[in-house]
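Here is a short report on a predicted model. It moves from one residue to the symmetry, then to the sheet and a helix.

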There are 2 protein chains.
Amino acid sequence: MRSTERDGAGPSVLGRVIAVLDAFDTTTGCIAISELGRRTGLPKSTVHRLVGELISHGFLERDDAGVRLGLRLFELGQLVPRQRHLRDIAAPYMADLREATRHTVHLAMLDGTEVLYVNISHGPDSPKLPSRVGGRLPAHATGVGKAILAFSPQAVIDRVLQKELVRLSPRTIVAPGLLLQQLEAIRRRGVAFDNEESSLGTVCAASPVFGPEGEVVAALSVTGWSNRANLQRLGPAVHTAALGITRSLRSLGQLAPR
Amino acid sequence: MRSTERDGAGPSVLGRVIAVLDAFDTTTGCIAISELGRRTGLPKSTVHRLVGELISHGFLERDDAGVRLGLRLFELGQLVPRQRHLRDIAAPYMADLREATRHTVHLAMLDGTEVLYVNISHGPDSPKLPSRVGGRLPAHATGVGKAILAFSPQAVIDRVLQKELVRLSPRTIVAPGLLLQQLEAIRRRGVAFDNEESSLGTVCAASPVFGPEGEVVAALSVTGWSNRANLQRLGPAVHTAALGITRSLRSLGQLAPR
C-alpha cells in the first residue's frame, strides 16, 4: 500500500484515495466498507465519503457485499500511452506467432526491476501460467525480463543486481555472476531462454523489441511445456516476430503518440 | 470532463484529481503542465501540486514535453473484476474463433447506453475498425450492442430509446420501431447482425453471453469486409463460441471473484 505522508498531517486526500484503490488486489474482487476501513487504517467517515465520491466518478462500483473497482479505471488504464501504442503495434504479430506455434505468447515491459505483462495471447496447447495481463514478475526470473535486461543500460542491470535475486522455482538464476553471463549470451544471440526458471514444467524463448531510437522497450516470448516445446525451433519464430514489431515501431516512430 | 461540485466550494480534491486524469484522451498521449491548467480550469499551483503527487504514485509519468498517464493506472484497470473475469474466461474462445474465421473478434459489455470493448483479437483478413479496447460505441449501432440489448430488461432498452439514436453510418438504425423489431428477431435467433451499421464496408455477426444467473453480461462478435464476409456462415460460429463462454461462466459461477 502506497501513501503520501505529510509532516504530522497524515496522508493527503490523494494519498487516502490511493490507499482505498490499493486495498484491492487480484484476490479481492469486492470489499465491504468496514473491511476497507481496516485495510486502509482510515476513519469510517472518511472511507464512506471517499467511496461515495469514487462511485460517482465510476472509479468504484457498488456490489451486494460492498464495493469493487469500477469500469472507468479499466477505460482510463487502456489509455496509458506507453502500453497502448506498443500493444496495438504488437497485436497482429502476437496473433500470428500464436497461430504458427500454438503456444502462449507474452508481451512485457520492464518497470523498475520487474516485468509488467502488457498483453498475453493464450495458445491452445499451452500450460497454465503464473502471468496475467497487468501482472508483474521479477525480471531476472523470466525470459522476457532477461531479454530486456540484456539490452538495457548498465544502471538498469545494476538496480536488479543490488536487490536479492528472488527464487521463483528451483531453477531460477539467483547468482549475479551467472545472470551476467547469460545476459552476455543473450546479447550475442538476440534470444533469451527460460528453462523452468519462472515455474517448473514450463520453458520459453524470448526476444527484445526496440523503439525508434534503438532503445529496448519490451520483449516478446513464446511459452510451452518443458517436455514438449522445442526452444531451438521456437527461438527463430519469436525472434522474427520481435524484429517485425521493432520495424513497425520504427516506421511509425514519427506518428507515435507522445 | 466530470467533476464533483460542492456548495460554493468548487470541485473537491478528488474532483480536481479526476479532472486532471480526464484531460487525457485517445488523441493526447502527453500534455504540457500549462495546457493541463487550461483544460482543467484549475490554478497553476494546484495543477503543479496534484501532478507531483500523481507522479509519485505512478498515476502520471513525466515526459520530455509534459506528463502522460502512468503504468500504475493500466495495472489498476486490469484488476477491475467485471471485465477481468469475463476476459479471462473468453480468451481461449476468442482465439479459436479468430483462428477458425480469420476475422476480428470483439468482446464487449454494456455500460449505460454504450458498449465498452473489453477485448479485441485482430484477424489477419480483417478491415481497420473504429473499435479499440477500452473504447465505446453507441449500443444500438453495433452488433454486440444489439445482441446485449435484445436480452436486457425493458428498463435498459427504454434508456437507449429515450436518447436520440445517433447515426454512425448511413445504415445505422435510427428508428426506434425498427430497432425493437430487430431486437425481437435477435431474441428468436440468438444472433445479431450489423450490416454496415457501425461503419460502411464492414459487417458483423454477434451473439450474447450470459452469466451464472442467466442474465446477459456481454456479447461476442466476428467482423469482416462487407463484400467478403458471409454472415450466414459466421453466425453459427460466433453463436457456438458465445454459448461456450456462457457455459464456462456458469460452471465457474461459484468460484468467480465477487
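A:Arg98 touches residues of both chains. Leaving aside neighbours within four places in sequence, its contacts in chain A are A:His103, A:Val105, A:Ser121, A:His122, A:Gly123 and A:Pro124. Across in chain B, A:Arg98 contacts B:Ala95, B:Asp96 and B:Glu99. The residue sits in helix α5 of chain A, which spans residues 81–101. A:Arg98 has a relative accessible area of 5%, so it counts as buried, the cut-off being under 20%.

The chains are related by symmetry. A rotation of 180 degrees, with 0.0 Å of shift along its axis, superposes chain A on chain B at an RMSD of 0.0 Å. That is the relation of a two-fold axis. In chain A, A:Gly77 comes closest to the rotation axis, with its C-alpha at 2.5 Å. Of the interface residues of chain A, 100% are also interface residues in chain B, so the copies meet through the same surface.

A:Val105, one of the contacts of A:Arg98, also stands opposite A:Val222 in β10(A). Strand β10 of chain A covers residues 216–225. It pairs with two strands, as tabulated.

| Partner of β10(A) | Sense | Bridges | Opposite residues |
|---|---|---|---|
| β5(A), residues 104–111 | antiparallel | 5 bridges | A:Val105 and A:Val222 |
| β9(A), residues 202–210 | antiparallel | 9 bridges | A:Ala206 and A:Ser221 |

β9(A) and β10(A) form a hairpin with 5 residues between them. In the turn, A:Gly214 has a positive phi of about 85 degrees.

Two elements are mostly covered. In β10(A), 8 of the 10 residues are buried. In helix α1 of chain B, residues 13–22, 8 of 10 are buried, including B:Leu14, B:Val17, B:Ile18 and B:Asp22.

Definitions and conventions
Residues are numbered from 1 along each chain as its sequence is written. Chains are lettered from A and ligands numbered from 1 in the order in which they are written. This is a predicted model: local features need pLDDT of at least 70, side-chain atom pairs count only at pLDDT 80 or more; totals for chains, interfaces and linings use all residues. Side-chain values use heavy atoms; hydrogens and water are left out. Buried means under 20% relative accessible area, exposed over 50%, partly exposed in between (1.4 Å probe, protein chains only). Helices (H or I, at least four residues) and strands (E, at least two) are DSSP runs, numbered from the N terminus. Contact means heavy atoms within 4.5 Å. Copies are superposed by least squares on the C-alpha atoms of residues with pLDDT of at least 70 in both. Two strands pair if DSSP finds at least two bridges between them.
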